[in-house]
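Please examine the protein shown below, both its sequence and its three-dimensional model. A short report on its architecture and on selected details accompanies it.

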Amino acid sequence: MPKQKSLTAAFFGKSPAAAAAATPDSKPSAAADATPEVPSKRRKLEETVAAQSGAKGSPGRPGAAAAAPAVATAAAPGSDTGPMSLWAAAPGPDPAALASPAFDPSLLAAKFPVGKPVAFALLSDALVEIEELKGSGKGSRKTMTVILSNVFRLLLHARPEDLIPTIYILSNKVAPDYEDAELGVGDGILVKTISEVFGRSDAHIKSALASGEARDLGEVALQSRVAQKVLMMPPRLTIEKVFTEMKGVASAAGKDSQKSKKDKIQKMLVASRGEEAKYIVRILQARLRIGIQTPTVLQALAYAFVLTVPARSGQGARPDVRKGEGALSHSVLEARMCSMEAAVRQAFSEMPNLDRLVAALMAGRDGETLAEVCHISLGIPVKPMLAKPSKGLSEVTERLSGKRFTGEWKYDGERAQIHVLSRSNILVYSRNSENMTEKYPDVIKVVQETLCEGIESCIIDSELVAYDQATSRIMPFQVLTTRGRKNISIESIKVNVCIFAFDCMLCNGAPLVRETLEVRRKTLWSALRETEGKVKFATYRNFDDLKEEEIQAFLDESVAGSCEGLMLKTLVDGATYEPSKRSLNWLKLKKDYMDGMGDSIDVVPIGAFYGKGKRTGSYGAFLLAIYDPEAEEFQTVCKAGTGFSDEDLASHYEFFKGRTLPQADSNYNVSDKVAPDVWLEACQVWEIKAADLSISPVHTSAMGIKADGKGIGLRFPRFLRIREDKTPEESTGPEQIVEMFEAQASVAKDGPRDDDF
């Protein structure tokens with residue numbers, strides 16, 4: 001890919017000076033060169049943007065002239081770990097800068113008057129600082145947390161009602177996952193809207209992306225905004241306005257929905273200033289590309305509520321508890337931050353609803369009391385607890401020796417979280433919080449019929465498995481995938497399912513996630529009645545001590561029973577239910593663990609290679625990737641051409657025929673050595689199996705973690721099935737790839753090996 005020149009000049013063929021003259025609110029600024037690690041090829045564009053928004057007087061980027069990355073690198077003596085290591089560092093030259101650990105919201109009271117709507121520029125310019133930090137190696141993760149926390153503190157002081165919209169915007173969302181309000185807007189409508197708003201042709205936009213002059217559509221929008229002459233700017237965008245328009249985009253439906261979406265996007269782009277256009281487009285794509293993850297947002301939120309107390313109960317806000325009468329000491333702040341962070345993380349894992357979480361914090365709940373109101377609740381699905389893949393019996397012995405544990409058959413179906421709000425109101429959710437109630441009316445009926453007397457409400461974790469009721473046999477997962485998804489009536493169902501229940505997280509209003517598995521399972525057994533072919537409890541065997549031959553025998557029984565293997569779980573030690581976590585207290589032992597790599601992985605096809613010989617006329621192989629949520633990119637892990645039947649290849653070709661891309665998406669991290677014949681949209685998840693993993697000079701998954709300049713690739717991969725219950729962003733991540741690489745037997749015996757694929 002060619003090197004970028006000054007982005008503005010290269011894209012429009014005019015000098016940066018000319019471009020700057022064409023933009024609104026031009027002012028000289030020192031901010032653009034404040035961060036030395038910013039590549040020179042981007043600096044001229046940033047100078048223009050800074051001039052456009054007026055960095056010195058901009059309400060969006062307070063104290064932007066401060067060198068952000070430097071402030072969090074030196075911790076106070078004795079404070080190099082723990083939360084206060086972020087806040088005891090040197091304050092930097094400007095304590096009003098968002099990156100300063102000494103930040104006090106009251107220092108910006110003149111720019112952000114209490115009660116007035118906050119400009120979107122505050123958030124946009126904070127994102128600029130964070131993006132400049134990415135990959136700088138200068139304490140970027142800590143400084144990102146400080147910046148986000150200080151943004152939240154500023155909102156708590158000036159306008160708390162903007163806090164929830166801000167967190168949703170940073171999360172690329174407008175509502176909780178289970179409310180089915182997805183923001184992701186297709187590139188087609190964005191290209192068309194950018195073209196109409198800024199007067200650029202579709203061809204010009206696509207050319208900029210193909211040539212590398214812009215890395216994504218966000219940068220295209222920014223370049224176009226900078227180059228456009230504007231005589232009279234609309235009023236500045238506010239956080240409230242942007243969030244309202246984004247909710248409108250997400251909820252648009254019906255025959256005129258595309259026009260409605262485009263109109264709302266146009267309004268935001270027309271009113272955008274500085275770098276706002278870039279982030280508006282990226283947020284609409286659900287790809288901020290700067291590495292902000294939910295754990296970081298929750299951590300920043302916890303620290304914000306410790307350092308700044310919002311106005312409540314008739315008392316004014318306290319901007320900084322480190323100052324004035326009753327100032328809190330370093331040790332007290334450390335304790336409160338640790339307590340609050342743990343409480344906020346646990347609260348969100350049990351109740352993944354930002355509105356309720358922030359409302360509880362605003363009401364004064366803290367690390368000691370938050371769990372009283374934010375706990376697992378009916379109608380709010382939690383991300384399921386997951387198991388660590390196990391290489392074999394030797395690892396099981398190492399992990400579970402000396403503990404009481406249970407083995408359960410691992411069923412090959414669809415994970416289902418069943419919420420019984422009442423006997424007449426039952427909801428079914430998938431592993432990614434999708435409401436599947438409409439898909440499974442038969443499950444609702446069965447649960448109603450099999451609830452035990454005295455059970456008014458509960459949350460059950462289960463696996464829905466295709467089941468032949470005539471022969472009492474479990475059917476393959478592929479049979480389950482043939483069921484319809486919408487407008488299903490019980491009379492029309494051709495594929496019956498059996499509910500295999502294995503956990504209970506709540507019963508009659510009482511949360512059980514902090515109880516042991518032994519207690520939860522007894523509660524489950526008293527909540528439902530087993531009914532042949534309709535409801536069964538997971539087949540289990542308890543082990544008071546570890547005997548490999550008994551585990552092997554039980555594994556063989558599970559395989560004979562048409563299952564994938566075993567789930568091994570501690571009964572008492574560390575046996576709480578941990579939503580969204582992959583725990584070492586749950587181990588997967590699959591039937592093919594002895595065949596090299598112990599577990600399958602979930603990948604996303606991002607490229608295809610034309611078939612040869614008998615595969616002519618279809619794709620013969622595919623370039624497969626995992627997803628790195630921190631880098632917000634797809635990283636290649638293998639090229640696969642085996643495991644496909646002729647029918648598989650035909651259906652894959654048909655599916656992807658209308659889902660090709662003219663070039664690699666901006667979030668595809670792919671070496672030129674494995675570039676495919678055709679680029680594909682990242683829109684489907686496949687489960688694959690491989691012989692083992694090896695160090696790879698061409699694949700980019702987990703790049704540099706096990707070998708400098710090299711990633712980890714799969715050897716001899718084969719296709720197993722499509723995972724319709726997962727989104728591309730829920731595919732396997734680099735952390736799990738590294739864990740599997742380290743666990744495999746070949747590493748221990750022979751050391752890491754290089755491989756081309």
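The report moves from the whole chain to two helix pairs and then to individual residues.

**Basis of the report**

The model is predicted, and for that reason local features need pLDDT of at least 70 and side-chain atom pairs count only at pLDDT 80 or more, while totals for chains, interfaces and linings use all residues. Residues are numbered from 1 along each chain as its sequence is written, and side-chain values use heavy atoms, with hydrogens and water left out.

**The protein as a whole**

The protein contains 24 helices and 22 strands. These elements are DSSP runs numbered from the N terminus, with helices (H or I) of at least four residues and strands (E) of at least two. There are 757 residues, and 57% of them count as buried. Buried here means under 20% relative accessible area, exposed means over 50%, and partly exposed lies in between, with a 1.4 Å probe and protein chains only.

The accessible surface amounts to about 30,300 Å², and carbon and sulfur atoms supply 51% of this area. Such areas come from the Shrake-Rupley method with a 1.4 Å probe, and for residues only the protein chains shown count as cover. Among contacts (heavy atoms within 4.5 Å) with a separation of 6 or more, 75% join residues 24 or more positions apart.

The number of disulfides is 0, a disulfide being a pair of cysteine sulfur atoms within 2.5 Å. As for individual cysteines, Cys338 is partly exposed at 38% relative accessible area, whereas Cys638 is buried at 0%.

**Two helix pairs**

Helix H8 and helix H12 (residues 257–271) have axes that come within 10 Å and cross at roughly 50°. H8 is therefore oblique to H12. The term applies to angles that are not under 35 degrees (roughly parallel), over 145 (roughly antiparallel) or 65 to 115 (roughly perpendicular). Axes are lines fitted to C-alpha atoms, for helices over the stretch in contact, and angles run from 0 to 180 degrees between N-to-C directions. Residues of H8 in this interface include Ile189, Leu190 and Phe198, and those of H12 include Ile265, Leu269 and Val270.

Helix H17 (residues 393–400) packs against helix H21 (residues 548–560) at an angle of about 120°, with axes 11 Å apart. Leu393, Val396 and Thr397 of H17 form the contact with Glu548, Ile551 and Gln552 of H21. This pair is likewise oblique.

**Residues in loops**

The table lists three loop residues with their relative accessible areas.

| Residue | Loop between | Relative accessible area |
|---|---|---|
| Pro176 | H7 (163–170) and H8 (187–198) | 7%, buried |
| Ser433 | S4 (425–429) and H18 (441–450) | 4%, buried |
| Asn508 | S7 (497–507) and S8 (510–511) | 40%, partly exposed |

Ser433 has a positive phi of about 70° although it is not a glycine. Asn508, also a residue other than glycine, has a positive phi near 50°.

Which residues does Pro176 touch, not counting those up to four places away in sequence? The contacts are with Tyr168, Pro352, Asn353 and Asp355. Pro176 and Pro352 lie 176 residues apart along the chain, and their C-alpha atoms are separated by 6.9 Å.
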